[in-house]
Amino acid sequence: VQLVESGGGLVQPGGPLRLSCVASGLTFSMYTMRWYRQAPGKERELVATINSGLGSTKYADSVKGRFTISRDNAKNMVYLEMNSLNPEDTAVYYCNAYLSTPSYEVDYWGQGTQVTVAS
């Protein structure tokens, strides 16, 4: 299984950025997909979740109304649209694939992509 993030970079405060994550080696549509982030000196934080099936979404309060998570099961892709970015959004952003069954749980992680919000 491999998750590869892309789209990170340097963006000015107030600007937008779109992260992408492509998954391979798994039945993508079965997995809950999540974006986490970790800022220097801080714990990893769950930012956004999109479930399999109906694709319901959930967001951390800190990003609600600014970030949008979406998925394309045909392409094995998950996206994070980020708007109105501020310096507090600076972090390494990680893509996560999660599956829970009565028999087991499994978690897969990407390598992360750096997002820096600065003028």
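Is Asp89 buried or exposed? In this predicted model, Asp89 is buried, with a relative accessible area of 1%.

**Asp89 and the charged network**

Asp89 sits in the loop between S8 and S9. Leaving aside neighbours within four places in sequence, Asp89 is in contact with Arg37, Arg66, Phe67, Ser84, Val115 and Val117. With one of these residues, Arg66, the side chain of Asp89 makes a salt bridge (2.8 Å, N to O). Arg66 lies in the loop between S6 and S7 and Asp89 in the loop between S8 and S9, so the pair ties together parts that are 23 residues apart in sequence. Arg66 is also buried, with a relative accessible area of 16%. Through salt bridges that share partners, Arg37, Glu45, Arg66 and Asp89 are joined into one network.

The structure holds five salt bridges. The table gives three of them, including the pair just described.

| Salt bridge | Closest N to O distance |
|---|---|
| Arg18 and Glu81 | 3.0 Å |
| Arg37 and Glu45 | 2.8 Å |
| Asp89 and Arg66 | 2.8 Å |

Within the second pair, Arg37 is buried at 7% relative accessibility, whereas Glu45 is partly exposed at 28%. The Arg18 and Glu81 bridge links distant parts of the chain: Arg18 is in strand S3, Glu81 is in strand S8, and they are 63 residues apart. Both ends of this bridge are partly exposed, Arg18 with a relative accessible area of 43% and Glu81 with 31%.

**Nonpolar core**

The largest nonpolar core has 32 residues. Trp35, Val78, Leu80, Met82 and Tyr93 are the members with the most contacts inside it. At least two core residues come from each of strands S3 (17-24), S4 (32-38), S5 (45-50), S7 (67-72), S8 (77-82), S9 (91-100) and S11 (113-117). S9 supplies the largest share, five residues.

Tyr93 touches several other residues named above: not counting residues up to four places away in sequence, its contacts include Trp35, Leu80 and Met82. Arg37 and Phe67 are also among the residues that Tyr93 touches, and both are in contact with Asp89. Further contacts of Tyr93 include Glu5, Leu19, Tyr36, Val47, Gly112, Thr113 and Val115.

**Disulfide**

A search of the whole structure finds one disulfide. The bond joins Cys21 to Cys95, with an S to S distance of 2.1 Å. Cys21 lies in strand S3 and Cys95 in strand S9, so the disulfide ties together parts that are 74 residues apart in sequence. The torsion about the S-S bond is about -80°, so the disulfide is left-handed. Both cysteines are buried.

**Two partly exposed positions**

Ser52 and Leu46 each have a partner 19 residues away along the chain, at the C-alpha separations given here. Ser52, in the loop between S5 and strand S6 (57-59), has its C-alpha atom 7.7 Å from that of Met33. For Leu46, in strand S5, the C-alpha to C-alpha distance to Thr27 is 22 Å.

Ser52 counts as partly exposed at 28% relative accessibility, and Leu46 counts as partly exposed at 35%. Beyond neighbours within four places in sequence, Ser52 is in contact with Ser29, Met30, Tyr31, Thr32 and Arg71. On the same basis, Leu46 is in contact with Arg34, Trp35, Tyr36 and Ala60. Of these, Trp35 is among the residues with the most contacts inside the nonpolar core.

Conventions:
Residues are numbered from 1 along each chain as its sequence is written. This is a predicted model: local features need pLDDT of at least 70, side-chain atom pairs count only at pLDDT 80 or more; totals for chains, interfaces and linings use all residues. Side-chain values use heavy atoms; hydrogens and water are left out. A nonpolar core is a set of buried Ala, Val, Leu, Ile, Met, Phe, Trp, Tyr and Cys residues joined through side-chain atoms within 4.5 Å. Buried means under 20% relative accessible area, exposed over 50%, partly exposed in between (1.4 Å probe, protein chains only). Helices (H or I, at least four residues) and strands (E, at least two) are DSSP runs, numbered from the N terminus. Contact means heavy atoms within 4.5 Å. A disulfide is a pair of cysteine sulfur atoms within 2.5 Å. A salt bridge is a side-chain nitrogen of Lys or Arg within 4 Å of a carboxyl oxygen of Asp or Glu.
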